[in-house]
Amino acid sequence: MRRIACIMAAAIVVAALPIAAMTAELTTKQSPYSVSETLDRLENILAEKGIAVMARVDHAKNAEKVDLELRPTQLLIFGKPEIGTKLLQQDQTIGIDLPMKVLAWQDAAAQVWLGYEDPRAIAAERGLTGAKDTLQKMAEGLDNLTDAALRQ
């Protein structure tokens, strides 16, 4: 009986965790290129595929503007409205996670990484149950695009 009570208590604690604590895991891939070159390569591939780049944020440059130091860190924001809009039509709150984002950063050991969240995990966190084909296509596309950018 005591064991059941402990299990139930643990389940209640997990259920009470804030949603922010249950986030999609970041997919990370090592890059053989600098942060800037990694995202340049990805940006070129996106242009070839007709995928719009909405913004590129250089976090290190922004830190420099306020006299702070940050290792190279850049974010690329991109997407295809004809795909993302299908998700927004089901639940507009997914717009907080769209367009897609890929982060490139250099760690303390000078290794460059590329990271992104799987669109299927993002949708699941938001409770979006439809559009499985669209989400699969987005996830596979993101994986293929980032792999292509990292090829030597």
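Analyst: Helices (H or I, at least four residues) and strands (E, at least two) are DSSP runs, numbered from the N terminus. This is a predicted model, in which local features need pLDDT of at least 70, side-chain atom pairs count only at pLDDT 80 or more, and totals for chains, interfaces and linings use all residues. Residues are numbered from 1 along each chain as its sequence is written, and side-chain values use heavy atoms, with hydrogens and water left out.

User: Which residues lie nearest the centre of the largest pocket?

Analyst: They are Gly-79, Lys-80, Ile-83, Met-100 and Met-138, out of 19 lining residues. A pocket is an open set of points on a 1 Å grid where a 1.4 Å probe fits, with protein on both sides within 12 Å along at least five of seven lines; lining residues have an atom within 4 Å of a point.

User: Which elements give two or more residues to that lining?

Analyst: Strand E3 and helices H4 and H6 do so for the largest pocket.

User: And the second largest pocket, what lines it?

Analyst: It has 13 lining residues, with Leu-26, Lys-101, Val-102, Tyr-116 and Glu-117 nearest its centre. E4 and E5 each give two or more residues to this lining, and E4 gives the most, with four.

User: New topic: how many residues are in the largest nonpolar core?

Analyst: This core has 28 residues (buried, under 20% relative accessible area with a 1.4 Å probe, and joined through side-chain atoms within 4.5 Å). Val-102 is among those with the most contacts inside the core, as are Leu-46 and Phe-78.

User: Which element gives the most to this core?

Analyst: H6 does, with six residues.

How values were computed:
Buried < 20%, exposed > 50% of the residue type's maximum accessible area, 1.4 Å probe, protein only.
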